[in-house]
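Notebook open, model loaded. I'm jotting things down in the order I looked them up.

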Amino acid sequence: GTVAASPGSSPGTMSSMLSDLPQEVINILPAEPLGQLDLANRIVNAAFSQKVTELEHEAAELRESLISKQTVVKSLERKVTGYEVEVQELQAKHQQAVEESHRLNSEKSLLIDTVKKLNREIAKLEAFKKNLLQTLQDGDEPGKLDRSMAAVDLSSERLVNELLNSASKAHTTTSYGVRGAPPYQGA
C-alpha cells in the first residue's frame, strides 16, 4: 500500500519522512495516518510492556541476590562476633597465664632463697655437730665412749633435728600457701 499524505502536508514531505525507515516497514504500514498512529501506539505499548517485564524480572533477581547477600552478611557478622568473643577469652587466658607465670617465678625465687638459707643453716649445724662431737671425743680416751658421751651425742642429734625441723616448718609455707620441701630428717 501507498502511504497517504496527511492534510496539510505534501506527498513529498511524507515520503521524505518515511525514507529513513526500511522498505519492509514502509510496506506494512497502514495507508491511513490514524492507522499508522494506532500501529505506532501498539508498538510503543508492546515495547513498554516488554521493558517493564524485563525490569521487573531484573528487580526480582536483584532482590533475591540482595536477600542472599544479606543472609551471608548476617552469617559473617555472627562469625565475627563469635571470633571477637573468642579473642577476648584468649586474651584473658593469656593475661592470666602471664600473671601466673610471674607469680610462679616469684614463688620459685622465694623457694630458692629459702633452700639456700636452709642449706647454710644445715651446713652450720653440721659443722657445730662435728665440732661438738670432736670436742667431746677429745676429752675421753680414744675408742671408748661412755654413757655420758652417748647421751651428749643423742641430745646434740635431737637438738640439731629440732632446729632443722623448726627452720623447715618456718620456711615451707610461702606467701602463696604452697608447701615447700619436706622437713629435714637428719643424718
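**Confidence.** This is a predicted model, so I began with how far the predictor trusts each part. Residues 1-12 have pLDDT under 50 throughout, and the model gives them 12 contacts beyond four places in sequence. Residues 173-181 are also below 50, with 15 contacts in the model beyond near neighbours in sequence. I'm putting a question mark beside both stretches in my notes.

Next I pulled the overall figures. Mean pLDDT for the protein is 80, with 70% of the residues at 70 or more. Where is confidence lowest, and where is it highest? Helix H1, residues 11-18, has the lowest mean at 58, while H3 has the highest at 94. Most of my remaining entries are about H3.

**Layout.** I counted four helices and zero strands. Along the sequence that reads α-α-α-α. I also checked contacts between residues at least 6 apart in sequence: 49% of them join residues at least 24 apart.

**Helix H3.** How many residues does H3 have? It has 107, running from 33 to 139. From first C-alpha to last I get 154 Å, close to the 159 Å expected at 1.5 Å a residue.

**Burial and surface.** I looked up how much of the protein is buried: 11% of its 187 residues. The exposed area comes to about 14700 Å², and carbon and sulfur atoms supply 59% of that. In H3 I listed the buried residues, among them Gln36 and Leu39, then Glu107 and Thr114 further along. Leu118, Leu125, Lys129 and Leu133 are buried in H3 as well.

I then went looking for nonpolar patches. Phe128, Leu159 and Leu163 make one of about 260 Å². Leu159 sits in helix H4, residues 147-172. Its relative accessible area is 39%, so I have Leu159 down as partly exposed. That fits the patch rule, because a patch residue needs over 30% relative accessible area.

**Salt bridges.** How many salt bridges does the structure hold? Three, and I went through each of them.

The Asp38 and Arg42 side chains meet with N to O at 3.6 Å. That is inside the 4 Å cut-off for a salt bridge. Both residues are in H3, four residues apart, or about one turn of the helix. Asp38 is at 40% relative accessibility, so it counts as partly exposed.

Glu100 and Arg103 are next, with their closest N and O atoms 2.5 Å apart. They are about one helical turn from each other because they lie three residues apart in H3. Glu100 comes out partly exposed at 35%, and Arg103 is partly exposed too, at 25%.

Arg103 turned up again in the last bridge, this time with Glu107, at 2.9 Å N to O. Here the spacing in H3 is four residues, which again means about one helical turn. Why do spacings of three and four both work for pointing the same way? An α-helix has 3.6 residues a turn, so residues three or four places apart point the same way.

Is Glu107 buried or exposed? Buried: its relative accessible area is 6%, and the cut-off for buried is under 20%. I drew Glu100, Arg103 and Glu107 as one entry, since they are linked in a network of salt bridges.

**Last note.** What I want to remember from this session is the network of Glu100, Arg103 and Glu107, in the helix where mean confidence is highest, at 94.

Terms used:
Residues numbered from 1 in each chain as written. Heavy atoms only, no water. Helix = DSSP H or I, 4+ residues; strand = E, 2+ residues; numbered from the N terminus. Expected span 1.5 Å × (residues − 1). Buried < 20%, exposed > 50% of the residue type's maximum accessible area, 1.4 Å probe, protein only. Contact = heavy atoms within 4.5 Å. Areas by Shrake-Rupley, 256 points an atom, 1.4 Å probe, with all protein chains shown as cover. Patch = residues over 30% accessible without salt bridge, like charges linked within 9 Å, V, L, I, M, F, W, Y side chains within 5 Å. pLDDT = per-residue confidence, 0-100.
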